[in-house]
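Trainee: Please take one part of this model and look at it closely with me. I would like to see how it connects to its surroundings.

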Amino acid sequence: MSENHQASYLFSTRTSVVLSNKIAEYYGQSLGKINFQTFSDGEFEPILDESVRGGRVFLIGSTFPPADNLLELLLMIDAAKRASAKNVTVVLPYFGLARQDRKDQPRAPIGAKLVANLLTAAGATRVMTMDLHADQIQGFFEIPVDHLYASTIFIDYILKNNILDLTIASPDMGGAKRAKNYAGHLGAEVVIAYKERKKANAIEDMFLIGEVKDRNVILIDDMIDTAGTLCKAAEIIMEKGAKSVRAMATHPVLSGNAYENIENSRLLEVIVTDSIPIKNHLSSKIKVLSCAPLFADVMKMVHEHKSISDKFII
């Protein structure tokens, strides 16, 4: 079989199987079977249940905590490599440890670089992911990285809902570029919330840069963890006279009191993707848009050696 017509195989980690099934459906084939052997002490061994020799293997799995999710994916990469797969493409809807992208204090690790090294050492030949916490993480790899953006999903939602008097907001200085790109594409205004922290997940103070009076504001971010930042920003924006405030964030980490914070906030709605499984639906404000069609389309384009440039709106 020629390289242009090599077979493709899709496999999923256990915690990402719901999203993976959606991706497989859009891709046009079923997920491959994996036999998971589990020992009494918790050790596990994933065994691919079909031959992948000479083919392109797509291994789908978000690496959110616990660390078992990352280890499971690494073992699957190794299994595919040792089964003589020609290409092993790792599909990471959510790239765990991406917030550890630099050494910001003495004796701190750079977790994102470590994960990149582990994926490559295990045998990955290509990585596909979405909305990295920092774009420069792509440079941690010596293999091709397809960095997709949820803007292709969110902008379509904004346009379909015909939101007037639109202002795009960033909940922090780090997301200013992202907010500016959205605003430029939508012809909207931009505001930025400047926050000061004393420690992770705890905001000391926040100030708003820009005008939001009589505007419908959408906060754009790459992830929601405890939702403290978004809820605080929404409160300040509404106090400044905005008509409404929504939030759009790619990865619903939603740890701690996130669901309670969102439900009790002044946010009208929170739109996320299914890159991480929603643990529960305790907040009626959370709306989930699937990233499965985006990944399936890009996976097929990669397999057929086609350009994926038209998938990058922003």
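**Around F295 and the core**

Mentor: F295 touches I23, V91, P93, M128, T129, M130 and L148, when residues up to four places away in sequence are not counted; a contact here means heavy atoms within 4.5 Å. The model is predicted, and local features need pLDDT of at least 70, side-chain atom pairs count only at pLDDT 80 or more, while totals for chains, interfaces and linings use all residues. Residues are numbered from 1 along each chain as its sequence is written, and side-chain values use heavy atoms, with hydrogens and water left out.

F295 is one of three residues, together with I168 and M299, that touch the most other members of the largest nonpolar core, which has 41 residues. Such a core is a set of buried Ala, Val, Leu, Ile, Met, Phe, Trp, Tyr and Cys residues joined through side-chain atoms within 4.5 Å, where buried means under 20% relative accessible area, exposed over 50% and partly exposed in between (1.4 Å probe, protein chains only). Two or more residues of this core come from each of α1 (17–27), β4 (56–60), β6 (126–130), α4 (151–161), β8, α5 (176–186), β11 and α8 (292–303); these helices (H or I, at least four residues) and strands (E, at least two) are DSSP runs, numbered from the N terminus. With eight residues, α8 makes the greatest contribution to this core. At least three of the core residues come from each of domain 1 (8–148) and domain 2 (151–290), the bounds of which are taken from an automatic or database domain assignment. Apart from this core there is a second, separate one of 33 residues, and F11, I34, A112 and A134 are included in it.

The protein chain is divided into these two domains, residues 8–148 and 151–290, with C-alpha centres that lie 28 Å apart. Between them, 12 residues of domain 1 are in contact with 13 residues of domain 2.

One of the strands that contribute to the core, β11 (residues 216–224), has nine of its nine residues buried, so it is largely enclosed by the rest of the structure. On one hand, β11 runs parallel to strand β8 (residues 166–170), to which four bridges join it, and A169 has L219 of β11 as its bridge partner. On the other, β11 pairs with strand β12 (residues 244–252) in the parallel sense over eight bridges, pairing being recognised if DSSP finds at least two bridges between two strands. Within that second pairing, I220 stands opposite M248 of β12. From β11 the chain passes through helix α6 (residues 228–239) to β12 in a right-handed β-α-β crossover, a term that applies if, with the strands pointing away from the viewer, the path from the first strand over the helix to the second runs clockwise.

S275 brings the discussion back to some of the residues around F295. S275 sits in the loop between β13 (270–273) and β14 (286–289), and its 1% relative accessibility makes it count as buried. Leaving aside neighbours within four places in sequence, S275 is in contact with L19, S62, P93, Y94, M130, T250, H251, P252 and C291, and P93 and M130 are also among the residues that F295 touches.

A further buried serine is S12, in strand β1 (residues 8–12), with a relative accessible area of 9%. Its contacts, again leaving aside neighbours within four places in sequence, are V17, S20, L31, I34, I60 and M76, and I34 is one of the residues included in the second core. The C-alpha atoms of S12 and N35, 23 residues apart along the chain, are separated by 11 Å.

Finally, some backbone details in the loops deserve attention. P65 and P66 are joined by a cis peptide bond with omega of about 5°, and P66 lies in the loop between β4 and α2 (68–82). In the loop between β5 (87–92) and α3 (111–122), L97 has phi near 70°, a positive value in a residue other than glycine, and at 38% relative accessibility L97 counts as partly exposed. R107, in the loop between β5 and α3, has phi near 65°, likewise positive in a residue other than glycine, and its relative accessibility of 77% makes R107 count as exposed.
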